[in-house]
Amino acid sequence: MKLARFDPVAFLATHWQRAPLLICNPWDVWQCPIEPDELAGLACEPEVESRLIVQQGPESWALEQGPFDAERFADLGAQPWTLLVQAVDHHVPEVAALLSQFRFVPDWRIDDVMISFATTDGGVGPHFDQYDVFLIQGRGRRRWRIGQHCDDSTPLKPHQELRLLARFDEQAVYDLGPGDILYVPPGVAHDGVALDDDCMTLSIGFRAPSRAELITGWSDHVLDGLGEDDRYADPMLPLQSHPGEITGDALERLQAMVLEKLADRTEFARWFGGFNSAPKYPDMDWSPETPLTMAQVRRAAKAGRVLRNFASRFVFVREGEGLVLFVDGETYPCTGAAARFAEALCAAQEVEIGEPDEAVLALLLDLANRGAIAFEEGD
């Protein structure tokens, strides 16, 4: 499936992080990449994050956390309900393939694909997200109401588990059918309600690290690299007119000690690459039961191509004459042929290996034993 009737350049210039946009079935051919029963099956797996929201009244929603027993869905009765399953792209290759159509936004910004299934009148209530989202109608029909812009000061309902808006100012209404897409920028209130019993929506969410997350993570990383001997010094200390004053010169030296480490651009890039590429679910283990040997990797490299694990995150930053590759939080400085191969690996799900040198083989060995790649024989 391809976004055949969509102009990403125009979209980024006019709507990205600016205004909602209804995109009426822009696909060449739309086919929902997952069936409701398959989604329900995922919600029963302990390693999959899932939620069930049951509407108990016009303004009342109850939340249950998965995993669920299969019988739970049969016991729901006539009450409107919504099942939400997070990171379905980690488990279903056909869902992961959808992300290739949204790479007009850089990979490091993409989070995951959450999928919801709802019965008639089912929904999660009026809310807002702190990140961009593309809402793709997979099956059935859903009515979306768009509301006001919200922020941390916006009043919420007194619900312990759901961040529902206390007030919703309806500004637009869109009815979506299969293949239609609604883009919603960060902070824009929205409320979706299923119009039939076969309503499935795929939500492509994006990462937007907060300033607090960046400051905390980066400063913690800097602190880990500092020793006890790195201390303030003033070998040319002048005689002060008042011993109780912290002078401007002293404050300037103290602040410089802090800023010098925090302003290290190269080290920040390396930290952020690892931070950003860290697995969403670090407990998931994709590594092979028996580690591969270098001899096995050599044979596999001669035979075919590399396939990326669709649950792994691949990004890179340029550094000097080469680059630094980040895969699932791990750091790989690359130069020469290894840098060219790493860049190709970040560009596509499948990469022809060609004639690898020792550096490329070492990279392949480590990535394969971490489960980030697999080998496929050529035709």
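**Exercise 1. Work out how β13 and β14 pair, and what sheet they belong to.**

*Solution.* Start with the pair itself: β13 and β14 run antiparallel, joined over six bridges. This is a predicted model, by the way, so read every value here as computed.

Next, pick out a residue pair. Valine 317 sits opposite valine 324 in β14.

Then look at the turn. The hairpin of β13 and β14 has two residues between the strands, and glycine 320 adopts a positive phi near 60° there.

Now add the next strand along. β14 (residues 322-327) also pairs with β15 in the antiparallel sense, this time over five bridges. Here leucine 323 has cysteine 334 of β15 as its bridge partner.

Put together, that gives an open sheet of three strands in the order β13-β14-β15, with antiparallel pairing. The edges are β13 and β15 (330-334), each of which pairs on one side only. From one strand to the next, the twist averages 20°.

**Exercise 2. Find the strand order of the sheet that holds β7, and say which strands stand at its edges.**

*Solution.* Begin with β7 (residues 142-149), which pairs with β10 in the antiparallel sense over six bridges. A handy pair to click on is isoleucine 146 with its bridge partner in β10, histidine 190.

Bring in β8 and you have an open sheet of three strands, ordered β8-β7-β10, with antiparallel pairing. The edge strands are β8 (172-176) and β10 (188-194); each has a single partner strand, so one side of each lacks a neighbour in the sheet. The twist in this sheet averages 20° from one strand to the next.

**Exercise 3. Describe the largest pocket: its volume, the residues around its centre and the make-up of its lining.**

*Solution.* Volume comes first: the largest pocket holds about 1,200 Å³ of space.

Then the wall. The lining counts 44 residues, and those nearest the centre are Arg51, Gln86, Asp129, Gln130 and Tyr131.

Last, sort the lining by class, which gives 19 nonpolar, 14 polar and eleven charged residues.

**Exercise 4. Do the same for the second largest pocket, and trace its lining back to helices and strands.**

*Solution.* This pocket has a volume of about 450 Å³. Its lining has 23 residues, with Leu99, Arg308, Phe310, Ser312 and Gln349 closest to the centre.

Which elements give two or more residues to this lining? They are α4 (93-98), β5 (110-118) and β13 (314-319). The largest share, three residues, is from α4. And β13 is a strand you've already met, at an edge of the sheet in Exercise 1.

By class, the lining splits into eleven nonpolar, six polar and six charged residues.

**Exercise 5. Count the disulfides, then explain the result for cysteine 44 and compare the exposure of cysteines 44 and 150.**

*Solution.* Recall what you're looking for: a disulfide is a covalent bond between the sulfur atoms of two cysteines. Searching the whole structure turns up zero disulfides.

Why does cysteine 44 have no bond to the closest cysteine sulfur? That sulfur belongs to cysteine 32 and lies 18 Å from the sulfur of cysteine 44, which is too far for a bond. The cut-off to hold it against is 2.5 Å.

Now for exposure: is cysteine 150 buried or exposed? Its relative accessibility is 3%, so cysteine 150 counts as buried, the limit being under 20%. Cysteine 44, at 24%, counts as partly exposed.

Note on methods. Residues numbered from 1 in each chain as written. Predicted model: local features only at pLDDT ≥ 70, side-chain atom pairs only at ≥ 80, totals over all residues. Heavy atoms only, no water. Buried < 20%, exposed > 50% of the residue type's maximum accessible area, 1.4 Å probe, protein only. 1 Å grid on protein atoms, 1.4 Å probe; cavity = no way out; pocket = protein on both sides within 12 Å on 5 of 7 lines; lining within 4 Å. Points joined across faces, edges and corners; volume = space filled by probe spheres on them. Nonpolar A, V, L, I, M, F, W, Y, C, P; charged D, E, K, R; others polar. Helix = DSSP H or I, 4+ residues; strand = E, 2+ residues; numbered from the N terminus. Pairing = 2+ DSSP bridges. Axes fitted to C-alpha atoms, helices over the stretch in contact; angles between N-to-C directions.
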